[in-house]
Amino acid sequence: MHKTPPSIDFLRLSQAFLPTLKENPAEAQIVSHRLMLRAGMIKQLSAGLYSWLPLGLRVMNKIANIIREEQAKTGAQEIMMPTIQPAELWQESGRYEDYGKEMLRVKDRGDRDLLYGPTAEEVVTSIFRDSIKSYKHLPQNLYQIHWKFRDEIRPRFGVMRGREFLMKDGYSFDYDAAQGKRAYQKIFVSYLRTFARLGLTAIPMQADTGPIGGDSSHEFIILADTGESQVFCDKTILSLNPLDGGIDYEKDLSAVIKNWTTPFAATEEKFDEAAFKKLPAENQLSARGIEVGHIFFFGDKYSKPMKAVVQDPTGNLVPVQSGSYGIGVSRLVGGMIEANHDDHGIIWHPSVSPYDVAVLNLKAGDEKLDAACEQLSQELLQAGLSIMLDDRDLRAGEKFAEHDLLGISFQIILGPKSLAAGMVEIKDRKTGKRDEVALPQAIEFLRNLRAAYLK
């Protein structure tokens, strides 16, 4: 029997590193933490510190790639900055003493003060000021997807509030406030599109600027029963789709933002009860939410003290106008599970499912069935899909339970009887619907089913 060769898009479960758990871990307090540990996605190293195992890393990388694609459409460029930063940059901006104990401060062998970056406004501003001298080279928008560390006093809830986390942090630089606000609007819309591609409705809500500073800020909140924040909104916002009709970032910004900011939406800190009560009763939604993104426009807060200036058309030196834009990439993995799960396990959106399809061989060791599953896996790979082949010698019930736990978007189930009849069963993990499909039509059926989620 010819076996499907190793590939980044093919996993044979009989050889996989997938340390799943049958029971709920006692230390896990919320759904995403329980399911990520049970599905073998992460392993705790210490309080708030997690190793990302193969299945979890695949999900996180898929999220990061969607972020990259949407950032590119705005003209943003990716860089990578050190995680360890010199204290003098933060002393320049005035934040070194103000940030608090969440900042991990260290010294190197030369007794120089360093810190493990909780964010990177100072570093990117220093890069900009050493590189750009004229308004003619603006605007600039730089971002990275990199690890951050914040020494949380009570790390909890798994990756939802850990100490080390993967974050997309972006930074815009513009000549004047009007252009700076336009950069803010571009990222606002790109975030709406990013979360929609992940199968999430992220509601933008005005927010406090906190230690980042500035005069404009929005949080992007997804609704989930286990969310830390109490949020209030007009239900009509849930029917909006930022992917409808695409987006021209030079023409459509104002209209899109008006659509999303006109309906009432507020966190508890910004809640105006009188305004909320003016909504029709059927439109008033009070729920729990999870913050998955946060954007800020802070003008010259960093550029002025750090002397990040450019020459304007008259020859004068002026501080640039800046904003910063974050998405918690590792936090999103947990947030997506909080928003999309059932009593059996995780339900991944097809855009980030660790593998597109799980092929379940219900009688591993049966020569004809093994060969059929291998051939089907090869054909699925050639069709551009990633495959998890369950070729383990386990009972059918055990396989069904574990694959529902793992949450792969689609399952193709093949047993001796279905093979003899020339049929397969295809299960949609989200709906639970099962369809019997003739084996030759299985790939086309599956591609259409998946495309309906991704359009």
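How much area does the chain expose, and what share of it do carbon and sulfur atoms supply? With the surface switched on, you are looking at about 20,800 Å², 50% of it from carbon and sulfur atoms (Shrake-Rupley method, 1.4 Å probe).

A word on what is loaded: this is a predicted model, where local features need pLDDT of at least 70 and side-chain atom pairs count only at pLDDT 80 or more, while totals for chains, interfaces and linings use all residues. Residues are numbered from 1 along each chain as its sequence is written, and side-chain values use heavy atoms, leaving out hydrogens and water.

Next, show the cartoon: the chain has twelve helices and 24 strands (DSSP runs of H or I with at least four residues, or of E with at least two, numbered from the N terminus). Of its 455 residues, 53% are buried (under 20% relative accessible area, 1.4 Å probe, protein chains only).

Now select Tyr116 and Phe149. Tyr116 sits in strand 7 (residues 113–116) and Phe149 in strand 8 (residues 140–149), 33 residues apart. Their ring centres lie 5.4 Å apart with planes at 45°, so the pair is tilted (centres within 6.5 Å; planes under 30 degrees count as stacked, over 60 as edge-to-face, the rest as tilted). Tyr116 is buried at 16% relative accessible area, and Phe149 is buried at 8%.

Then move to Phe188 in helix 5 (residues 177–197) and Phe220 in strand 11 (residues 216–223). These rings are 5.5 Å apart between centres, with planes at 65°, so this pair is edge-to-face. Both residues are buried. Add Tyr191 and Phe195 to your selection, and you have one aromatic cluster with Phe188 and Phe220. To keep exploring, the whole structure holds 16 aromatic pairs.

Definitions and conventions: Buried means under 20% relative accessible area, exposed over 50%, partly exposed in between (1.4 Å probe, protein chains only). Rings of Phe, Tyr and Trp (its six-membered ring) pair if their centres lie within 6.5 Å; planes under 30 degrees apart count as stacked, over 60 as edge-to-face and the rest as tilted.
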